[in-house]
Amino acid sequence: MTSVLSSLLDDVLRRNAGEPEFHQAAREVFGSLEPVIAAHPRYAEAAVLERLTEPERQLIFRVPWTDDSGRVRVNRGFRVEFNSALGPYKGGLRFHPSVTLGTVKFLGFEQIFKNALTGLPIGGGKGGSDFDPKGKSDAEVMRFCQSFMTELYRHLGEHTDVPAGDIGVGGREIGYLFGQYKRITNRYESGVLTGKGVGWGGSLVRTEATGYGAVFFAQRMLATRGRDFDGARVLVSGSGNVAIYAIEKVHQFGGTVVACSDSSGVVYDPEGIDLELLRQIKEVERGRLSAYAERRPSADYRAGGDIWALASETRIDVAIPCATQNELDAAAAATLAAGGVAAVVEGANMPCTPEAVAVLVQSGILFAPGKAANAGGVATSALEMQQNASRDAWTFEYAEQRLAEIMNSIHDSCAATAEEYGAPGDYVLGANIAGFVRVADAMLALGVI
Ligand code: NDP
């Protein structure tokens with residue numbers, strides 16, 4: 001990194017003290033930008049990086065709500081409106097006890113580049129709360145969502161800021177949030193939230209989009225080495241929205257997902273994950289993964305286990321981390337490399353530590369960063385906004401075809417950019433530069449704002 005870039009990065013780290021995940025995301029992007037900044041001095045002259053790393057607006061608010069026993073509880077709500085050069089702020093809401101301002105800033109920063117890569121008119125933002133929906137009744141989740149939206153609504157709008165789901169925020173939460181927005185504003189403004197139910201403004205394929213999209217990306221990337229999913233054995237971490245639909249698409253492409261996980265343990269099922277059973281437990285019963293193994297004779301449950309360690313026991317061709325940030329470290333990457341894994345594709349946001357990425361790349365493993373590989377979710381959110389604006393509803397086949405085209409185009413643009421900047425096969429560099437150039441050029445055109 002040049003001294004100019006590294007002193008800029010030092011400044012970002014200093015001004016955002018105590019936000020390690022944001023630091024990690026900023027470091028990763030800065031690490032790729034040297035050639036583009038050197039080739040185009042206009043970005044430095046207009047202080048694009050200084051502006052890009054400073055959110056346009058950061059909101060932190062109190063979320064009081066009453067639990068089923070009548071006790072008043074207080075959580076903290078966040079929305080970081082990071083960059084709107086390309087369109088309204090767009091990015092999900094995460095409800096998880098680990099959420100801090102730094103988490104939301106890391107996710108919002110990533111979202112700027114991801115959204116730019118889709119080629120669609122969406123800026124970057126992210127939000128959430130340290131509320132834990134796990135173990136809460138539907139009525140408690142509803143009261144929390146209503147209180148959260150009672151503050152957030154004034155900052156939202158289909159042309160301003162459009163949230164969606166993320167960890168802990170699925171169709172149920174989006175329903176309660178949208179209901180409260182509609183009630184307060186007295187407007188049926190469908191385009192203000194995405195991930196809505198298909199019966200009331202949602203888009204077909206939005207639920208599946210992130211997982212499907214990651215597998216479309218992976219398929220395109222494997223093809224560069226003359227490989228595909230047919231007959232492949234795959235690890236998918238997590239067992240939430242992204243994981244479930246990544247598993248479904250791998251199976252449709254002829255591969256077998258032999259393990260998945262949650263934060264308590266790992267299920268190893270050499271016959272292939274039974275999706276119907278998994279969805280029943282996770283989506284209908286909102287249960288734990290341990291219940292899967294109890295009902296499936298071929299499966300073995302490993303409490304507290306490490307899913308990536310399976311690569312030392314059995315043949316694994318592709319790994320798709322779909323749980324959370326920093327879930328795959330250097331030791332896990334070394335296990336995958338020793339096991340002969342061909343590709344690691346990030347379905348989650350930043351699931352691989354920087355040290356893990358270094359091990360994967362040095363081992364010649366194809367590596368797809370989340371900001372490219374998991375962009376299918378936000379891309380389909382933008383397609384949902386398009387359908388809302390035109391009061392239209394597309395078929396599943398058409399929406400899926402659009403998703404596949406977008407993922408192929410993101411893949412090709414990352415690959416071509418990496419090639420152009422002298423690093424063929426480096427999808428991290430390709431994604432960072434391709435996303436950066438699109439946002440930076442829009443920022444230049446819009447003046448110093
Ligand atoms: P969900 O809440 O639906 O699922 C998250 C899953 O990850 C759960 O199975 C959860 O288990 C598991 N998990 C969480 N922490 C850990 C851990 N430390 N170790 C193992 N498993 C863990 O979230 P999503 O599927 O929506 O999101 C997953 C990832 O994908 C996140 O990084 C998110 O930012 C990213 N993403 C999501 C998009 C979307 O459209 N939903 C779009 C783009 C990215 P448990 O139940 O035990 O907590």
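Domain bounds, as used in these legends, come from an automatic or database domain assignment. The views below are all drawn from a predicted model.

**View 1. Two domains face each other in this predicted chain.** Welcome to the overall layout: the protein chain is divided into domain 1, residues 3–187, and domain 2, residues 210–364. Their C-alpha centres are 26 Å apart. Where the two meet, 13 residues of domain 1 are in contact with twelve residues of domain 2.

**View 2. The second largest pocket lies between the two domains.** Here we step in to an opening with a volume of about 340 Å³. Of its 20 lining residues, the ones closest to the centre are Glu28, Thr353, Pro354, Val357 and Val428. Domain 1 and domain 2 both give residues to the lining, so this pocket sits between them. Which helix gives the most to the lining of the second largest pocket? That is helix 2, with five residues. At least two residues each are supplied by helix 2 (20–39), helix 13 (354–362), helix 14 (370–373) and helix 17 (427–446). In chemical terms, the lining divides into nine nonpolar, five polar and six charged residues.

**View 3. Thr210 and Asn241 form an annotated pair.** An unreviewed UniProt entry lists these two residues under "binding site". They are spread over 32 residues of sequence, yet they cluster in space, with a largest C-alpha distance of 8.1 Å. Thr210 belongs to helix 8, residues 206–223, while Asn241 is found in helix 9, residues 241–252. Is Thr210 buried or exposed? With 9% relative accessibility, Thr210 counts as buried, because the cut-off for that class is under 20%. Asn241, at a relative accessible area of 36%, is partly exposed. Leaving aside residues up to four places away in sequence, Thr210 touches Val242, Gly347, Asn374, Gly376 and Gly377.

**View 4. Lys90 is part of another annotated set.** Under "binding site", the unreviewed UniProt entry also covers Lys90, Gln111, Lys114, Gly165 and Ser381. Lys90 is placed in strand 3, which runs over residues 89–95. Its relative accessible area is 1%, so Lys90 is buried.

**View 5. Asn186 and Met350 each have a positive phi.** Most residues other than glycine have a negative phi, which makes this pair worth a pause. Asn186 has a positive phi of about 60° although it is not a glycine. Look for Asn186 in the loop that joins helix 7 (171–185) to helix 8. Met350, likewise not a glycine, has a positive phi of about 55°. The loop holding Met350 runs between strand 11 (343–345) and helix 13. How do the two fare for exposure, and which of them is buried? Asn186 is exposed, with a relative accessible area of 70%, whereas Met350 is buried, at 5%.

**View 6. Glu158 sits in a loop and touches five residues from other parts of the sequence.** The loop in question runs between helix 6 (138–152) and strand 5 (161–164). Glu158 counts as partly exposed, with 27% relative accessibility. Beyond residues up to four places away in sequence, Glu158 touches Pro88, Glu189, Gly191, Val192 and Met385. For a sense of scale, follow the chain to Thr66: the two residues are 92 residues apart along the chain, and their C-alpha atoms are separated by 30 Å.

**View 7. Arg296 is a buried loop residue.** Our last stop is the loop between helix 11 (290–295) and strand 9 (300–303), where Arg296 is located. The relative accessible area of Arg296 is 16%, and buried means under 20%, so Arg296 falls in that class. Which residues does Arg296 touch, not counting residues up to four places away in sequence? They are Asp269, Glu271, Gly272, Asp274 and Leu277.

Definitions and conventions:
Residues numbered from 1 in each chain as written. Predicted model: local features only at pLDDT ≥ 70, side-chain atom pairs only at ≥ 80, totals over all residues. Heavy atoms only, no water. 1 Å grid on protein atoms, 1.4 Å probe; cavity = no way out; pocket = protein on both sides within 12 Å on 5 of 7 lines; lining within 4 Å. Points joined across faces, edges and corners; volume = space filled by probe spheres on them. Helix = DSSP H or I, 4+ residues; strand = E, 2+ residues; numbered from the N terminus. Nonpolar A, V, L, I, M, F, W, Y, C, P; charged D, E, K, R; others polar. UniProt positions renumbered as here; feature names shortened; annotations may be inferred. Buried < 20%, exposed > 50% of the residue type's maximum accessible area, 1.4 Å probe, protein only. Contact = heavy atoms within 4.5 Å.
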